[in-house]
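Visitor: I am new to this structure and would like a close look at a single part of it. Please start there and then work outward.

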Amino acid sequence: MKNKIKVGIPRGLLYFKYNVLWTSFLEEMGCEIMISPESNKQILEKGAQHSIDESCLSAKIYIGHVDWLRDKVDYLFVPSIASYSKNTQTCSKFYAMPDIVRNTFRDIKVITYKLDIANGKNERDGFIKFGMSINNNLLKVINAYKKAKKKQLEYEKDQHINQDKLLEHTSKLKILIVSHPYNIHDKIIGYPIKEYLNKLDVEVIYADKVNKPKSIEASRNISTDLYWTYNQEIIGALDLYKSKVDGAIFLTTFPCGPDSLVNDLCIRKVKEIPCAYILIDELQGEAGIQTRLESFVDIVLTKKIKNCKKTD
Ligand code: SF4
C-alpha cells in the first residue's frame, strides 16, 4: 500500500482562522495530518531563537511550531495570504511566511497556496494548483476544495450564531476581547487571560466569532481608510458588539505595527464602553496582568451598576 504523505500544520497564526478548511482539504486529498501541540514555553523559546528580534511575538510562536514539526513530517503546510480584495491587504507576515520558513529552516519542504485577490489570485485556483501538486486528479481536487470550503463556512456561521445566542441569554458581565484569533486562542498568549476572566465570573465575548462580512462593513463606522483586512474584522466586531457588552479589552502582542495603530484609534473613538489595552511580550508575567484584569473588571462593574441605577 502506498504510504500517505505526512503534512505538518503549525498551530499558530492563521491556523486559528482556517483550521477547518485546511484540515478538511488535506484529509480529502488523502494526506496524513500532524498539527503541532498547544503553544508552550519550549515552543516559544525555540521560536524566539530562530526569529529576528523585531518579529512580533505571534510570529515567533509560529516559528516555534514550525521547529517542533520540522523533523516529524514530509511537508509543512504554510499558506501565503496577501489580499482579499483590490484595495485591502493583510499584514506582511501572512504573505511572506512561506519564504520566512524556507529561509529560516533550509531542510524543510514547504507546500503552499496563494490568495492575493489584488493580483488576480483567488482561493479556489490557489487550492486547485496546490491540490494538483499532491494528486493530479482534477475532479478529486475540486471536490475536496468544495467540501472543505462548505465545512469552513458552516463552522464560521455556527461560531457567530452561538455567540449571538450567548450574548442574548447570559446575565454575567460581558467583556469583548478585541484581538486576532491567533492571540486570544493561543495557550500562552490569550488563554491565561480568558481563564482569569472566567474565574472573575465574566462572560468572554470574542471579536473573531463575528459575522465577517457584517464586521468588515461595520468597521467603516470607525475608519474608512483602514486597509488591513484582519484589523477591519476585529474593529468591526467592536462596532457591532459595543451596545451588547459592558467593556472591551484590546489584546495585542509586541511589537505589532497594525494593532498599535488601530487599537489606539479605536480607544480614542469608542467612548460608549470602558476599554483596556494589554500588550503581551516574551517576558510577560501573569501576576501583573491579573491585577490589571481585576481592576478593569471592577471599573466595568461600577459603571454597569451606575447605569442600572440611572435607568431605574
Ligand atoms: S498583524 Fe501584528 S500580530 Fe499579526 S502577524 Fe502582523 S505584526 Fe504579528
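Which residues are around the ligand?

Guide: This is a predicted model, and what follows should be read with that in mind. The residues around the ligand are Cys56, Ser58, Cys91, Lys93, Phe94, Tyr182, Thr253 and Cys256. Sorted by class, five residues of this shell are nonpolar, two are polar and one is charged.

The shell is shared between two parts of the protein. The chain is divided into domain 1, residues 6-151, and domain 2, residues 170-311. The contact between them takes 25 residues from domain 1 and 22 residues from domain 2. Each of the two domains gives at least three residues to the shell around the ligand. Taken over C-alpha atoms, the centres of domain 1 and domain 2 are separated by 27 Å.

Start with the stretch of chain that holds two of the shell names, Thr253 and Cys256. Phe254 and Pro255 are joined by a cis peptide bond, with omega about -15°. Pro255 has its place in the loop between β9 and α11.

Next comes helix α11, residues 257-269. The helix has 13 residues, and at 1.5 Å a residue these should span 18 Å; the C-alpha atoms at its ends are 19 Å apart, which agrees. Which residues of α11 are buried? They are Pro258, Asp259, Val262, Asn263 and Cys266. These residues cover an arc of only 105° around the axis, so they lie on the same side of α11. Leu261 and Arg268, on the other side of the helix, are exposed. The buried residues of α11 pack against α10 (229-241), β9 (247-253) and β10 (275-280).

Trp228 ties this helix to the shell residue Cys91. The place of Trp228 is in the loop between α9 (212-219) and α10. Trp228 has a relative accessible area of 15% and is buried, because buried means under 20%. Leaving aside neighbours within four places in sequence, Trp228 is in contact with Gln89, Thr90, Cys91, Pro258, Leu261 and Val262. Of these contacts, Cys91 is one of the residues around the ligand, Pro258 and Val262 are among the buried residues of α11, and Leu261 is exposed. Trp228 and Tyr84 are 144 residues apart along the chain, yet their C-alpha atoms are separated by 9.8 Å.

The loop between α9 and α10 also holds Asn221. Is Asn221 buried or exposed? Asn221 is exposed, with a relative accessible area of 57%. In sequence Asn221 and Asp239 are 18 residues apart, and in space they are 7.3 Å apart, C-alpha to C-alpha.

Now take another helix, α8, which covers residues 191-199. Its buried residues are Pro192, Ile193, Lys194, Tyr196 and Leu197. What covers these buried residues includes β7 (173-178), α7 (181-184), β8 (202-206), β9, β10 and α12 (286-311). Two of these elements, β9 and β10, also pack against the buried residues of α11.

Asp201 follows α8 and lies in the loop between α8 and β8. Although Asp201 is not a glycine, its phi is positive, about 65°. At 45% relative accessibility, Asp201 counts as partly exposed.

Leu13 also has a positive phi, near 45°, and is a residue other than glycine. Leu13 lies in the loop between β1 (6-9) and α1 (15-28). With a relative accessible area of 6%, Leu13 is buried.

The last stop is Leu167, in helix α6, residues 138-169. How is Leu167 placed, buried or exposed? At 7% relative accessibility, Leu167 counts as buried. Not counting residues up to four places away in sequence, Leu167 touches Lys174, Ile205, Tyr241, Lys244 and Val245. Leu167 and Val245 are 78 residues apart along the chain, and 7.9 Å separate their C-alpha atoms.

To return to the part you asked about: the ligand has around it residues including Cys91, Thr253 and Cys256. Cys91 is in contact with the buried Trp228. Trp228 in turn is in contact with Pro258 and Val262, which are among the buried residues of α11.

Definitions and conventions
Residues are numbered from 1 along each chain as its sequence is written. This is a predicted model: local features need pLDDT of at least 70, side-chain atom pairs count only at pLDDT 80 or more; totals for chains, interfaces and linings use all residues. Side-chain values use heavy atoms; hydrogens and water are left out. A residue is near a molecule or strand if one of its heavy atoms lies within 4 Å of it. Ala, Val, Leu, Ile, Met, Phe, Trp, Tyr, Cys and Pro count as nonpolar, Asp, Glu, Lys and Arg as charged, and the others, Gly among them, as polar. Domain bounds come from an automatic or database domain assignment. Helices (H or I, at least four residues) and strands (E, at least two) are DSSP runs, numbered from the N terminus. The expected span of a helix is 1.5 Å times one less than its number of residues. Buried means under 20% relative accessible area, exposed over 50%, partly exposed in between (1.4 Å probe, protein chains only). The arc is that of the directions from the helix axis to the C-beta atoms. Contact means heavy atoms within 4.5 Å.
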